[in-house]
Amino acid sequence: MTRPATRTDLHLPLAVTALMKGVVYRDAHETIWPHLVGLAPQVADYVATLGLTVFIDESEGYAFLRSKSDDELADLGIPRLVPRHQLSLHTSVLLALLRKRLAEFDSTDSGPRLIVSTEQMVEMMTPMLPQSTNEARTVDLVETALRRAADLGFVRRIPKQEGKFEVRRVIKAFVDAQWLAGLDAHLAEYAEILAEGR
């Protein structure tokens, strides 16, 4: 049985370096998570000097860094460290659909992990695409969007299960409840843009 980490065991550079690399998950970063949670105030103070804020959701088990606003950065006199991620329209639609699916999943109390397949996402995305888009093209668009979502940490490939992905709960922090409330309007807007081929 391992003893719990004490304050002197915790390592600030380890926690900060992990955050700099991307989203930190309790289940995927078991050795780093205790350092991050145990040193949360020190992590927040440290990254603030770089124009960043740390967001830790202990109940959902994830943490990430977010840049301060442009006005705050200007007041601090430092440039933006974390670049803005420009998402393609297809990736934005995919993330919106995944967030909606996660909300539905949570409302049914189906368990802790939402697993989706490429085929399910193709089925969900198809109504959003122009009717002229052939099936192979749709699959390609969805797979490209899923790869981008995986790169950003919103989904994780399930090992040894081809075409299966776990929807990571960090998506809730980026597609929030207020935005979700207007989701149908957002999706209708996306569908219109996609139909026009813009």
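The following questions and answers go through the salt bridges, helices and sheets of a predicted model.

Q: What makes the contact of Lys172 with Asp106 a salt bridge?
A: The closest N and O atoms of Lys172 and Asp106 are 3.8 Å apart, and a salt bridge asks for a side-chain nitrogen of Lys or Arg within 4 Å of a carboxyl oxygen of Asp or Glu, so the pair qualifies. Lys172 lies in helix H8 (residues 171-174) and Asp106 in helix H5 (residues 89-107), so the salt bridge ties together parts that are 66 residues apart in sequence. The structure holds 9 salt bridges.

Q: Why are Lys172 and Asp106 called partly exposed?
A: The relative accessible area is 26% for Lys172 and 30% for Asp106. Buried means under 20% and exposed means over 50%, with partly exposed in between, so Lys172 and Asp106 both take the intermediate label.

Q: How do you know that Arg156 and Glu166 meet in a salt bridge?
A: The N to O value for the side chains of Arg156 and Glu166 is 2.8 Å, which is to be set against the limit of within 4 Å; the pair therefore counts as a salt bridge. This pair links distant parts of the chain, with Arg156 in strand S5 (residues 155-157) and Glu166 in strand S6 (residues 164-167), 10 residues apart.

Q: Which of the labels buried, partly exposed or exposed belongs to Arg156, and which to Glu166?
A: Arg156 has a relative accessible area of 30% and is partly exposed, whereas Glu166, with 5%, is buried, because buried means under 20%.

Q: What makes it right to speak of a network of salt bridges around Glu166?
A: Besides its pairing with Arg156, Glu166 also meets Arg168 in a salt bridge, at 3.2 Å from N to O, and both Arg168 and Glu166 are buried. The network of linked residues consists of Asp27, Arg113, Arg156, Glu166 and Arg168.

Q: How do you know that the span of H5 agrees with its number of residues?
A: At 1.5 Å a residue, the 19 residues of H5 should span 27 Å, and the C-alpha atoms at its ends are 27 Å apart, so the two values agree. The buried residues of H5 include Val93, Leu94, Leu98, Arg99, Leu102 and Phe105, and the helix is followed by Asp109, whose phi is positive, near 55°.

Q: Why are S4 and S5 called edge strands?
A: The open sheet of 3 strands has the order S4-S6-S5, with antiparallel pairing. Strand S4 (114-117) and S5 each have a single partner strand, so one side of each is left without a neighbour in the sheet. Neighbouring strands of this sheet are turned by 35° against each other on average, direction ignored.

Q: What makes S5 and S6 a pair of strands?
A: Two strands pair if at least two bridges are found between them, and S5 and S6 have 3 bridges in the antiparallel sense, so the condition is met. Within this pairing, Arg157 stands opposite Phe165 in S6. Helix H6 (residues 118-125) lies across S4 and S6, and runs at about 75° to S4.

Q: Why does Lys160 count as exposed?
A: Lys160 has 89% relative accessibility, and exposed means over 50%, so the label follows. Lys160 is found in the loop between S5 and S6, and its phi is near 65°, a positive value in a residue other than glycine.

Q: How do you know that S2 and S3 are paired, and in which sense do they run?
A: Strand S2 (residues 52-57) and strand S3 (residues 62-67) are joined by 6 bridges and run antiparallel, which satisfies the requirement of at least two bridges. Val54 stands opposite Leu65 in S3, and Asp57 opposite Tyr62. S2 and S3 form a hairpin with 4 residues between them, and Gly61 in the turn has a positive phi of about 80°.

Q: What packs on the sheet that contains S2 and S3?
A: This open sheet has 3 strands in the order S1-S3-S2, with antiparallel pairing. Helix H1 (residues 12-21) lies across S1, S2 and S3, running at about 70° to S3. Helix H3 (residues 40-48) packs on the sheet and touches S2 and S3, its direction making about 155° with that of S2.

Note on methods
Residues numbered from 1 in each chain as written. Heavy atoms only, no water. Helix = DSSP H or I, 4+ residues; strand = E, 2+ residues; numbered from the N terminus. Buried < 20%, exposed > 50% of the residue type's maximum accessible area, 1.4 Å probe, protein only. Expected span 1.5 Å × (residues − 1). Axes fitted to C-alpha atoms, helices over the stretch in contact; angles between N-to-C directions. Contact = heavy atoms within 4.5 Å.
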